[in-house]
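Student: Hey, got a minute to look at a structure with me? I'd like to poke around its empty spaces.
Tutor: Sure, let's open it up.

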Amino acid sequence: MGKQMLTQKVIVITGASSGIGAQLAYDLASYGATPVLLARSVDKLETHCSQIEQKTGVKPDYYQLDVTSLEDVQATFLAIFHEHKHIDVLVNNAGFAIFDSFLDADLSELKAMFDVNVYGMMACTKAVLPSMIERNQGHIINIGSLAGKLATPKSSGYAATKHAVLGFTNGVRLELQQTNVHVTSVNPGPIKTPFFETADQTGTYVKNVERMMLEPTYVSSKIIDVIRRPKREVNVPTWMSIGTIFYQLFPGLIEKFGGKKFNQK
């Protein structure tokens with residue numbers, strides 16, 4: 001299945017001002033899709049859209065959006081539908097983390113993570129589902145994390161949000177089994193993006209796992225693969241996802257002998 005599959009597809013990406021969201025927008029445009037970029041930072045969105053048009057000839061669209069505001073989510077998606085008539089794919093990518101032990105964590109920061117990573121994702125999904133069901137066509141891709149399958153110290157709050165993302169994704173997929181609306185979770189390991197400027201302010205985690213970090217282009221390619229050929233779940237890298245399977249089978253053993261690997265933050 002070639003590039004023509006994505007030509008003129010309207011693909012909405014939240015959290016598109018940097019990292020995976022921005023990379024995905026560039027790559028989708030190079031395939032002829034029409035990316036619609038959503039994020040809080042208008043300046044960054046304008047810059048990305050201008051560069052995308054210069055490099056690919058595709059003119060993306062963008063809207064300022066704080067996914068934690070239900071009113072803004074509703075208004076923004078109404079505007080997108082007014083402009084583009086339909087949405088083929090929604091990529092719920094907006095999210096952030098703050099790595100800290102739960103004892104030291106600020107409850108307001110934990111709530112903020114849930115507001116963005118979970119409720120924001122739910123709100124955006126709610127905004128597109130009726131149209132997709134009516135057309136009996138569409139694809140929702142939720143960017144989770146392998147942390148949602150295997151929690152580690154100092155990421156208990158973040159891991160909890162990604163557990164929720166996986167639970168929500170799996171439940172909605174089952175609810176839509178009798179339709180042609182696909183629901184996918186993409187669960188990456190650590191990626192070389194500005195994500196860690198907030199998550200890992202000490203730099204300890206990045207220093208310890210830098211050699212294992214994924215390139216944004218690689219993760220973007222995996223997302224594009226699943227847009228072309230929908231499946232229930234994508235876990236990258238493969239070797240790290242195998243570790244989550246062993247954890248599900250032998251949790252006590254993995255926790256006992258994986259201590260040093262887990263404590264890298």
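Student: Which helix and which strand each supply at least two residues of the lining of the second largest pocket?
Tutor: Strand 5 (138-143) and helix 8 (216-228) do. Keep in mind that this is a predicted model.

Student: And which residues lie nearest the centre of that pocket?
Tutor: Lys9, His139, His182, Ile227 and Pro230, out of 13 lining residues. By class, the lining has five nonpolar, five polar and three charged residues, and the space in the pocket comes to about 210 Å³.

Student: OK, cavities now. How many of 30 Å³ or more turn up in the whole structure?
Tutor: Two. The largest has a volume of about 50 Å³, and the second largest about 40 Å³.

Student: Where does the largest share of the lining of the largest cavity come from?
Tutor: From helix 4, with three residues. Helix 5 also supplies at least two. The lining residues include Phe102, Asp106 and Met113.

Student: What about charged residues in the second largest cavity's lining, how many?
Tutor: None there: five are nonpolar and four polar. Among them are Thr14, Asn92 and Cys124. Helix 4 gives the largest share again, four residues.

Student: Switching topic: is Arg173 in helix 5 buried or exposed?
Tutor: Arg173 is buried, yet has no salt bridge. The nearest side chain of opposite charge, Glu233, is 5.5 Å away, whereas a salt bridge has to be within 4 Å.

Student: So what does Arg173 touch?
Tutor: Leaving out residues up to four places away in sequence, Arg173 touches Val183, Thr184, Ser185 and Arg232.

How values were computed:
Residues numbered from 1 in each chain as written. Predicted model: local features only at pLDDT ≥ 70, side-chain atom pairs only at ≥ 80, totals over all residues. Heavy atoms only, no water. Buried < 20%, exposed > 50% of the residue type's maximum accessible area, 1.4 Å probe, protein only. Lys, Arg positive; Asp, Glu negative; His and termini not counted. Contact = heavy atoms within 4.5 Å. 1 Å grid on protein atoms, 1.4 Å probe; cavity = no way out; pocket = protein on both sides within 12 Å on 5 of 7 lines; lining within 4 Å. Points joined across faces, edges and corners; volume = space filled by probe spheres on them. Nonpolar A, V, L, I, M, F, W, Y, C, P; charged D, E, K, R; others polar.
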